[in-house]
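Welcome to a short set of exercises on reading a protein model. Try each task yourself with the structure open, then go through the solution step by step.

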Amino acid sequence: MTSRREAVAAEIPRLRRYARALLGDSSEADDLIQDTLERALARLDQWREGDNPRKWLFSILHNLYVDALRRTSRRPPHVGLDNLGVEHSAPAADGVSDLDRALTLLSDEQREVVLLVGLEGLSYAETAEVLAIPIGTVMSRLARGRDRLRTLLDYGRDADAERASLRRVR
Amino acid sequence: MSGRRVGEAELHAYVDGELTASDRAELEAAIATRPEDLHLAREISDLNQRLVDHYAHLLVEPLPPRLGLLAQRLIRRSRRRWRWQPGAVAAAVLLALVAAAAGYMARGLQAPPEPAFLASALSAHRVFVPEVRHPVEVGAAEETHLVQWLTRRVGAEVRAPDLADQGWKLIGGRLLADRGQAAAQFMYQDGGGRRLTLYLSKEPGLGDAAFRFAERGDFGAFYWVDRSLAYALAGRLDRNELMQLATSVYAQLGAPVSGRG
């Protein structure tokens with residue numbers, strides 16, 4: 001039992017990093033971590049020693065996150081694609097970075113996948129397991145989420161120009 | 001151009017390390033002549049890196065008090081069972097974060113009193129670090145002898161942790177006369193000539209204590225007590241850098257010495 005507790009404790013900084021990126025707010029993120037840890041402790045016997053604790057903890061966190069989204073109607077503002085340019089050009093005067101802001105503009109589902117794979121380095125299979133969705137869904141959410149993020153962060157611009165010029169050459 | 005078509009999903013899978021070695025090689029050959037695919041792959045990879053960099057501080061910053069307490073409760077129970085293994089390092093890192101959280105809590109209240117060994121460790125650091133010709137009594141070339149000698153004099157298993165991965169080389173050590181008994185000091189130096197000291201003394205009267213940080217002018221020290229041995233790692237280093245080193249020392253020295261248990 002003791003080494004399970006140890007394994008859970010060792011994951012706290014990573015869980016916290018993920019929750020912060022997911023919610024964009026530190027006190028809400030810490031609430032989520034606290035709930036996650038409490039639930040994990042209550043269900044410690046459900047996790048088999050030797051199994052990856054990370055996947056198990058991320059699943060718990062995900063379920064609590066989904067519950068919280070359902071309970072509160074607190075959702076990130078949805079901005080239509082047409083408005084993106086305007087939204088993005090607003091300077092980040094409040095200390096929120098472009099990246100934080102862009103992440104809040106993804107759908108909840110896209111944000112989770114983009115962060116589990118890109119930030120936490122989970123494999124597609126692990127991500128599918130954590131979120132209880134098929135791998136194909138992981139891949140499509142990932143592609144859409146990253147596309148959107150690239151647009152929001154002005155990535156696509158050079159690539160699009162490049163593609164256009166290539167087309168002209170051909 | 002005869003290369004096969006490459007789907008966007010495949011590019012994502014490539015960047016995320018999801019392809020087998022042969023698929024990977026095939027895809028690399030296919031996109032080598034396609035600047036737009038290469039560009040997209042690079043952007044996806046850049047995006048991942050940007051996420052990691054942006055949130056990296058969350059892995060090392062102190063936990064807020066409520067999470068620190070929760071973590072401390074989790075660790076305390078199993079503290080005695082640690083072994084020298086990757087999990088122990090993770091737990092040690094966490095302990096450092098917890099300790100930092102504890103310091104963070106204490107700031108507003110009252111600072112806990114500093115143990116006597118800290119003053120000894122800091123003064124030995126101050127005295128010997130600037131020494132040019134005789135910084136140590138016994139050099140690293142005689143490490144085995146040094147360690148045996150200090151172990152015998154201090155009266156407890158003393159070892160010099162290996163900090164080479166972090167860029168610090170052991171230059172040697174010395175015996176200290178400390179409050180009427182023997183204590184040990186190891187000294188390390190990095191490529192830039194900065195010096196670090198690790199102090200150890202036997203403190204049968206002190207219970208285990210997690211990392212704490214002390215600052216004296218331009219240098220700082222992390223100190224702790226583990227199984228009746230007091231440690232203080234001091235240097236003119238950034239606090240985070242010093243904490244990483246202290247964590248490594250803790251993980252290495254917290255391990256049972258071979259043959260003892």
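**Exercise 1. A pair of helices in chain A**

Which residues in H2(A) meet which residues in H7(A)?

*Solution.* Keep in mind that this is a predicted model.

Step 1. Find the two helices: H2 of chain A covers residues 12-23, and H7 of chain A covers residues 108-118.

Step 2. List the residues on each side. A:Tyr18, A:Ala21 and A:Leu22 belong to H2(A), and they meet A:Arg111, A:Glu112 and A:Leu115 of H7(A).

Step 3. Sort these residues by class. The contact of H2(A) with H7(A) has four nonpolar and two charged residues, and no polar ones.

Step 4. Describe the geometry. The two axes come within 10 Å and cross at roughly 145°, and the crossing is right-handed.

**Exercise 2. One alanine in H2(A)**

Decide from its C-beta neighbours whether A:Ala19 is buried or exposed, and list the residues that A:Ala19 touches.

*Solution.* Step 1. Place the residue: A:Ala19 lies in helix H2 of chain A.

Step 2. Count neighbours. There are 24 other C-beta atoms within 10 Å of A:Ala19. The cut-off for a buried residue is 20 or more, so A:Ala19 is buried.

Step 3. Look for contacts, leaving out residues up to four places away in sequence. A:Ala19 touches A:Ala29, A:Leu32, A:Ile33 and A:Leu61.

Step 4. Pick one of these partners, A:Leu32. Along the chain A:Ala19 and A:Leu32 are 13 residues apart, and their C-alpha atoms are separated by 7.1 Å.

**Exercise 3. The sheet of chain B**

Work out the order of the strands in the open sheet of chain B, and follow the pairing from E2(B) to E7(B).

*Solution.* Step 1. Start with an inventory: chain B has eight helices and seven strands.

Step 2. Write down the order. The sheet of seven strands runs E1-E2-E3-E4-E7-E6-E5, with antiparallel pairing. Its edge strands are E1 (138-139) and E5 (209-216) of chain B, each of which pairs on one side only.

Step 3. Recall the general idea: strands of a sheet pair through backbone hydrogen bonds, either parallel or antiparallel.

Step 4. Go from strand to strand. E2 (residues 168-178) and E3 (residues 181-190) of chain B are joined by 10 bridges. Six bridges link E3(B) to E4 (residues 195-202) of chain B. Seven bridges then link E4(B) to E7 (residues 229-235) of chain B.

Step 5. Trace single bridges. B:Met187 in E3(B) is the partner of B:Gly172, and B:Met187 also has B:Thr197 in E4(B) as a bridge partner. Further along, B:Tyr199 is partnered by B:Ala232 in E7(B).

Step 6. Add the helix that packs on the sheet. H6 (residues 116-128) of chain B touches E2, E3, E4, E5, E6 (219-226) and E7 of chain B, and its direction makes about 40° with that of E7(B).

**Exercise 4. Turns and positive phi**

Find residues with a positive phi in the hairpins of E2(B) with E3(B) and of E3(B) with E4(B), then in the loop between E6 and E7 of chain B.

*Solution.* Step 1. Take the hairpin of E2(B) and E3(B). Two residues lie between the strands, and B:Arg179 takes a positive phi near 50°.

Step 2. Move to the hairpin of E3(B) and E4(B). Here four residues lie between the strands, and B:Gly193 in the turn has a positive phi of about 85°.

Step 3. Go to the loop between E6 and E7 of chain B, where B:Arg227 and B:Ser228 are found. Phi is about 45° for B:Arg227, which is not a glycine. B:Ser228, also a residue other than glycine, has a phi near 65°.

Step 4. Check their surroundings. B:Arg227 has 12 C-beta neighbours inside 10 Å, so it counts as exposed. B:Ser228 has 14 other C-beta atoms within 10 Å, so it is partly exposed.

**Exercise 5. How far to trust chain B**

Which stretches of chain B have pLDDT under 50?

*Solution.* Step 1. Begin with the whole chain: the mean pLDDT of chain B is 81, and 81% of its residues reach 70 or more.

Step 2. Look for weak spots. pLDDT stays under 50 over residues 78-85 and over residues 255-261 of chain B.

Step 3. Draw the lesson: where pLDDT is low, the predicted coordinates should not be read in detail.

Step 4. For the complex, the predictor gives an ipTM of 0.80 and a pTM of 0.56.

Definitions and conventions:
Residues are numbered from 1 along each chain as its sequence is written. Chains are lettered from A and ligands numbered from 1 in the order in which they are written. This is a predicted model: local features need pLDDT of at least 70, side-chain atom pairs count only at pLDDT 80 or more; totals for chains, interfaces and linings use all residues. Two strands pair if DSSP finds at least two bridges between them. Axes are lines fitted to C-alpha atoms, for helices over the stretch in contact, and angles run from 0 to 180 degrees between N-to-C directions. A crossing is left-handed if the near helix is turned anticlockwise from the far one by less than a right angle, and right-handed if clockwise. Two residues are in contact if their C-beta atoms, placed from the backbone, lie within 7 Å. Ala, Val, Leu, Ile, Met, Phe, Trp, Tyr, Cys and Pro count as nonpolar, Asp, Glu, Lys and Arg as charged, and the others, Gly among them, as polar. pLDDT is the predictor's confidence in each residue, from 0 to 100.
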